[in-house]
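Biologist: I am new to this structure and would love a close look at one part of it. Could you pick a residue, walk me through its surroundings, and then show me a few others beside it?

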Amino acid sequence: MPLMRLAYASEAAFEARPAEKGMEPNVAQILSTSRRNNAKHELTGGLYYGGDRFFQYLEGEEKDLRETYQRILEDPRHKHIVTLIDEPIENRSISRWSMKYVPLSADIRHFLEDEGLDSFDPAAFSARQCESMIELIRAANIDESSMAGAGADDDVPEESRATSVCLQIGVIISGLCLLGALAYTFFVV
Ligand SMILES: Cc1cc2nc3c(=O)[nH]c(=O)nc-3n(C[C@H](O)[C@H](O)[C@H](O)COP(=O)(O)O)c2cc1C
C-alpha cells in the first residue's frame, strides 16, 4: 500500500481558553479521539495547538490518511484549513503520534524565537519552516520513545518545574533548621 504524508494549518472555531487554565476541553476531546483512531489506522505524526491555531502532520497509508483527513476537514471545531503538504513518501519518518500544547513547549517557543516570529501562525509558514516543525515532532517522538513512558515532560510549564525545585530546596532547608534546633536543645540547653 502506498504511503503518504500530510500537513495542514487551521484556526480553532471555539473560544480558546488561556493556556494557564489547563487543557482546553475541545482539544482534550480531539486528542482522545485522535489517539484512538490514529493508533487503529497506524497514522503517525503530531498535532500542535497554540493560541487558537492548529498545526498537524500525519504519515500513513494513503487510504487511511485520506479518509481521516476528510473527517478532519469536515470537523466544525476548526476553520480556515490550509493544506501545506500532501505528497507520497517512500518510508515513514515518525513511528508514533503525539500532541503538544505550543505555549508550554520550549522547543516551539525557541523555534518561533529563532525564526523571529511573534506568534504561532502555521498557515503563514514557509516550506522550510514547515519542515522545521516536522523535525520538532520527529525529535519529540524520539525523546518520548527513549523516555519509554516517562511522560511528556515538555508539556510541563517551565515555571512549574522551577516551583517544584524551589519547594524541594525549601523542604531541605527546613529539615536542616529543625535538626539544628534539636541538636541545640540536646547539647546546649
Ligand atoms: C484540529 C483537529 C485535528 C484532528 N485530528 C484527528 C486525527 O489525527 N485523527 C482522527 O481520527 N481525528 C482527528 N480529528 C477529529 C476528526 O475531525 C473527527 O471528529 C474524528 O475523526 C471522528 O472520529 P469518530 O468517528 O471515531 O468519532 C481532529 C479534529 C480537529 C479539529
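Modeller: Happily; here is a walk around Arg-138, followed by Glu-42 and His-80. Please keep in mind that this is a predicted model, where local features need pLDDT of at least 70, side-chain atom pairs count only at pLDDT 80 or more, and totals for chains, interfaces and linings use all residues. Residues are numbered from 1 along each chain as its sequence is written, and side-chain values use heavy atoms, with hydrogens and water left out.

Arg-138 sits in helix 4, residues 127-147; helices (H or I, at least four residues) and strands (E, at least two) are DSSP runs numbered from the N terminus. Arg-138 counts as buried because its relative accessibility is 18%, where buried means under 20% relative accessible area, exposed over 50%, and partly exposed in between (1.4 Å probe, protein chains only). Its side chain makes a polar contact of 2.8 Å with the side chain of Glu-135; such a contact is a pair of N or O atoms within 3.5 Å, and within protein one must be able to donate a hydrogen and the other to accept it, while residues adjacent in sequence count only if both atoms are side-chain atoms. Leaving aside residues up to four places away in sequence, Arg-138 touches Tyr-57, Ser-93 and Ile-94, with contact meaning heavy atoms within 4.5 Å.

Now to the other two. Glu-42 lies in the loop between helix 1 (25-40) and strand 2 (44-50), and is exposed because its relative accessibility is 54%. Though not a glycine, Glu-42 has a positive phi of about 55°. His-80 belongs to strand 4, residues 78-89, and is exposed at 55% relative accessible area. The phi of His-80, also not a glycine, is positive and near 50°.
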